[in-house]
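Hi there,

Here is the structure I promised to pass on. Have a look through it first, and then read on for what turned up.

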Amino acid sequence: MWYRLNQVLALVVLFVAGICNGNAELRAAEKLDILIVDGQNNHDWHVMTPYMSQVLENTGRFTVDVVTTPPKNAPAAAWDAFRPEFSKYDAVLSNYNGQPWPQQVQKDLTAYVKGGGGLVIIHAANNAFPKWPQWNEMIGLGWRGNDFGERVALDDKGKVQRAAAGKGPGAGHGRQHEYAIVTRDPDHPVTRGMPREWMHTKDELYHGQRGPALNMQILATAFSDKATGGTGTHEPMVWVIPYGKGRVFTTVLGHVGGEDITSLRCIGFQTVMNRGCEWAATGEVTLPIPKNFPKPDVVSVDPGK
């Protein structure tokens, strides 16, 4: 009798495990809807958005829509018609750095993220909206002067250092160059499985970012060498921040100069962006680290355009 009972229990366990595995596979197979917002930027968004959209869709995990703002100095009527439906999407990716959005759009995005939506910030998108308090809270650090909020960096031992407003540098960057990215949080879903160090393609290395940096979790940094015009400190390159029930992911990698998309072609950048989008949308990451991920001293570049 006990033998048969144990057999039945074993079958039940296998059945339940099968259901759980099936549900996990189903969740992983479901495509996530991403909205990219562009239209104004000091970088060529006409080049960036199509390329990033293709990279995301090539994973098979995402469908991507794009909404483009009115151009700079557009008439008020054009901005009155700009009302993105953020709630239709699992995450919103900002490729925007321009004039302020209408107050209603700001309220809509704030409510969307606070209510559980995902927000992804790529490179110069963190330069935008210095006078939007909720935006500054969501992104944590932005391209701001040294009198704006705290400056966050890491010392040589990996300890977070904070400088008050008015102390230390404001936002900037030195000369573009290849540089090593150091994984600081190997247990976060986005960076789990990434090597301790990997080489990024030629890019700007932002330093001196400023903001409230509340509940900020730094996932990766890069050393801003004084020899290339940097600060001599380890600067945040990838970080996450919870906002209400939502999740905000930022990477300041990804400079584009005209048609030059060298930084976007980096397999490391693409992996960070893809996994960051999935995490912002779901809180989990199923996308694997690709086999051609960069090595500590060797870049890895997408052979496409």
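A residue is called buried when its relative accessible area is under 20%, exposed when it is over 50%, and partly exposed in between. Val299 has a relative accessible area of 26%, so it counts as partly exposed. Please keep in mind throughout that this is a predicted model.

Staying with Val299 for a moment, you will find it in the segment after α7. Leaving out residues up to four places away in sequence, it touches Glu178, Met199, His200, Thr201 and Pro294. Val299 and Tyr179 are 120 residues apart in sequence, yet their C-alpha atoms are 9.3 Å apart in space.

**Helix α7**

This helix comes up several times below. α7 has 16 residues, and the distance from its first C-alpha to its last is 22 Å, close to the 22 Å expected at 1.5 Å a residue. How many of the 16 residues of α7 are buried? The count is 15, so the helix is largely enclosed by the rest of the structure. Just after α7 comes Gly283, which takes a positive phi of about 85 degrees.

**The nonpolar cores**

In soluble globular proteins, nonpolar side chains tend to be buried together. Here, the largest nonpolar core has 53 residues, and Leu93, Met237 and Met273 are those with the most contacts inside it. α7 supplies the largest share of this core, with seven residues. Another core lies apart from it and has 26 residues, including Val67, Val105, Phe129 and Val248.

Met237 is a good residue to click on. Not counting neighbours within four places in sequence, its contacts include Tyr179, Ile181, Leu205 and Tyr206. Ala220, Thr221 and Ala222 are also among the residues in contact with Met237, as are Thr250, Thr251, Val252 and Leu253.

**Helix α2**

The 14 residues of α2 should span 20 Å at 1.5 Å a residue, and its end C-alpha atoms are 19 Å apart, which agrees. Its buried residues are Trp45, Val47, Met48, Thr49, Tyr51, Met52, Ser53, Val55 and Leu56. Which elements cover them? The cover includes the strands β1 (32–38), β2 (62–68), β3 (91–94) and β4, along with the helices α6 (262–265) and α7.

**The largest pocket**

The largest pocket has a volume of about 240 Å³. Two elements, α2 (45–58) and α7 (267–282), each give two or more residues to its lining. α7 gives the most, with five residues. The full lining is made up of Val55, Asn58, Thr59, Ile267, Gln270, Thr271, Asn274, Arg275, Leu287, Pro288, Pro290 and Asn292. By class, that is five nonpolar, six polar and one charged residues. Val55 thus appears both in this lining and among the buried residues of α2.

**Cavities**

The structure holds two cavities of 30 Å³ or more. The largest has a volume of about 50 Å³, and its lining consists of Gln176, Lys202, His255, Val256, Gly257, Asp260, Ile261, Thr262 and Ser263. Those residues divide into two nonpolar, five polar and two charged.

The second largest cavity has a volume of about 30 Å³. Around it are Gly174, Arg175, His177, Leu205, Ser224, Thr228, Gly229 and Gly230, which by class are one nonpolar, six polar and one charged. You have met Leu205 already, as one of the contacts of Met237.

**Three asparagines in loops**

Is Asn127 buried or exposed? With a relative accessible area of 13%, Asn127 is buried. It lies in the loop between β4 (118–122) and α5 (133–139). Setting aside residues up to four places away in sequence, Asn127 touches Asn42, Asn97, Trp143, Arg144 and Tyr206. Tyr206 is also one of the contacts of Met237.

Asn73 sits in the loop between β2 and α3 (76–80). Its relative accessibility is 68%, so it counts as exposed. Asn73 has a phi near 65 degrees, a positive value in a residue other than glycine.

Asn215 belongs to the loop between β11 (210–211) and β12 (217–224). At 59% relative accessibility, Asn215 is exposed as well. Its phi is near 55 degrees, again positive in a residue other than glycine.

Happy browsing, and write back with any questions.

Best wishes

Key:
Residues numbered from 1 in each chain as written. Predicted model: local features only at pLDDT ≥ 70, side-chain atom pairs only at ≥ 80, totals over all residues. Heavy atoms only, no water. 1 Å grid on protein atoms, 1.4 Å probe; cavity = no way out; pocket = protein on both sides within 12 Å on 5 of 7 lines; lining within 4 Å. Points joined across faces, edges and corners; volume = space filled by probe spheres on them. Helix = DSSP H or I, 4+ residues; strand = E, 2+ residues; numbered from the N terminus. Nonpolar A, V, L, I, M, F, W, Y, C, P; charged D, E, K, R; others polar. Buried < 20%, exposed > 50% of the residue type's maximum accessible area, 1.4 Å probe, protein only. Contact = heavy atoms within 4.5 Å. Expected span 1.5 Å × (residues − 1). Core = buried A, V, L, I, M, F, W, Y, C linked by side-chain atoms within 4.5 Å.
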